[in-house]
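Please open the structure in your viewer and keep the selection tool at hand. We will go from one selection to the next, and at each stop the text says what is there.

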Amino acid sequence: MDVRDDTAIRVTDLHMAYGGRTVLDGIGFEVGAGEVVALLGPNGAGKTTTVEVVEGFRRRDGGDVTVLGTDPEHGDDAWRARIGVVLQSWRDHRRWRVRELLGHLAEAYQPYSRPGLARPRPVDDLLARVGLTDVAHQRMATLSGGQRRRFDIAVGLVGRPDLLILDEPTAGLDPAARREFHEIVHEVVDRDGTVVLLTTHDLAEAEVVADRILLLAGGHVVADGSPASVAREVAGPSEVRWSADGTRHVHSTHDPVAFTRELLARGGVDDLEVVRASLEDAYLQIVRRHEADTARHDLEVTR
Ligand SMILES: Nc1ncnc2c1ncn2[C@@H]1O[C@H](COP(=O)(O)OP(=O)(O)OP(=O)(O)O)[C@@H](O)[C@H]1O
């Protein structure tokens, strides 16, 4: 199957509970060909739980999940070979050397090449791409936190996956490595048609890297759309700021394009800035609104 022609991930009515406490209360979403989707939400919202179910690392309590045409609970080696995974943390392999370990992991992908898609990726090229060439012969235990994270990203990419799933991939990366990671994501999407699902707490990152945002809160998907559409959906008006004749002016409007056009037609504007509602404003507004709803509901239940 070519993910360019199909839905890579389909989640329907997914339920998960730990010790009787519901974490996912019937969530549903799809990720299509060529998409980069960022899963956002406050701590404990169930992002890791969701990606672990999608990866086949965790059994679900209810609902249907199809990933690359297969239920993750029944995925075989050939299915797994098509999915790259970057977990939130690994605690193993301390004595292995960096290149040796990546080479060893890469071997598992050898049987799964297909015409036009050689698996695995050449290990030295990949180490160079993630900036680890200089430490290629060091032991894993000697890597810094950020170097370890770069290694994790290399592990996710080594099999040239059709679907790449990353749990907080840039946590602990310095700004240069973070930007480098964003470029790598764009590269694999453009060159290999890889579909990407990632979790992050960095809204600026979500805006730069994702085509679509899924916001989880209180066990539900509470927003689903492009970063710009999610920001527009809930956040207030934009602000137009300008100066004319040495005086600063500010005006709030839901239609900054029309307002700006009118303003410029009047003339005399020396300096102009449009400040749109940010994704961060929208995120905080949606999550707060959701938390208030949940608190109200809990109160009604205990009465
Ligand atoms: N194995 C587990 N046993 C019991 N509770 C768990 C387990 N894994 C997760 N939880 C709980 O389920 C909820 C969701 O956790 P999850 O890690 O999926 O959230 P998250 O959105 O990824 O959070 P974060 O942003 O903090 O990483 C949390 O309240 C967490 O404590």
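What is the order of the strands in the open sheet of three strands with β2, β1 and β4? The order is β2-β1-β4, and the pairing is antiparallel. Before you select anything, please note that this is a predicted model, in which local features need pLDDT of at least 70 and side-chain atom pairs count only at pLDDT 80 or more, while totals for chains, interfaces and linings use all residues. Residues are numbered from 1 along each chain as its sequence is written.

**The whole chain**

Display the protein chain as a cartoon, and you have 10 helices and 12 strands in front of you; helices (H or I, at least four residues) and strands (E, at least two) are DSSP runs, numbered from the N terminus. The C-alpha trace spans about 70 × 55 × 40 Å along its principal axes. Of the 303 residues, 34% are buried, where a residue is called buried if 20 or more other C-beta atoms lie within 10 Å of its own, exposed if 12 or fewer do, and partly exposed in between, with C-beta atoms placed from the backbone. Among contacts between residues at least 6 apart in sequence, 69% join residues at least 24 apart; two residues are in contact if their C-beta atoms, placed from the backbone, lie within 7 Å.

**First sheet: β2, β1 and β4**

Now select residues 7-18, which form strand β1, and add the edge strands β2 (21-32) and β4 (62-67), each of which pairs on one side only. Two strands pair if DSSP finds at least two bridges between them. Strands β1 and β2 are antiparallel and share nine bridges, whereas β1 and β4, also antiparallel, are joined by five. To see both pairings from one residue, select V11, whose bridge partner in β2 is F29 and whose partner in β4 is V65. At the hairpin of β1 and β2, where two residues lie between the strands, select G19, which takes a positive phi near 55°.

Next, select helix α1 (residues 47-55), which lies across β1, β2 and β4 and runs at about 125° to β1. Axes here are lines fitted to C-alpha atoms, for helices over the stretch in contact, and angles run from 0 to 180 degrees between N-to-C directions.

**The ligand**

Which residues surround the ligand? Select Y18, V23, G41, N43, G44, A45, G46, K47, T48 and T49 to show its shell; a residue is counted as near a molecule if its C-beta atom, placed from the backbone, lies within 6 Å of it. Helix α1 gives the largest share of this shell, three residues. By class, the shell has three nonpolar, six polar and one charged residues, where Ala, Val, Leu, Ile, Met, Phe, Trp, Tyr, Cys and Pro count as nonpolar, Asp, Glu, Lys and Arg as charged, and the others, Gly among them, as polar.

**Helix α5 and strand β5**

Move on to residues 145-157, helix α5, whose 13 residues should span 18 Å at 1.5 Å a residue, which agrees with the 19 Å between its end C-alpha atoms; the expected span is 1.5 Å times one less than the number of residues. Of these 13 residues, 10 are buried, among them F151, I153 and V155. The buried residues of α5 pack against several elements, including β5 (83-86), β6 (163-167) and α6 (175-192).

Select β5 next: I83 and V85 point one way and G84 and V86 the other way, and all are buried. Strands β5 and β6 run parallel and are joined by four bridges, and one pair to display is V86 with its bridge partner L166 in β6.

**Residue L215**

Select L215 in strand β8 (residues 212-217), which counts as buried because it has 25 C-beta neighbours inside 10 Å. Its contacts, leaving out residues up to four places away in sequence, include L40, G41, V230 and I286.

**Last sheet: β11, β10 and β12**

Finally, select the open sheet of three strands with the order β11-β10-β12 and antiparallel pairing. Strands β11 (247-253) and β12 (269-275) stand at its edges with a single partner strand each, so one side of each is left without a neighbour in the sheet. The twist averages 15° from one strand to the next. Six bridges join β10 (residues 238-244) to β12, and W242 stands opposite L272 in β12.
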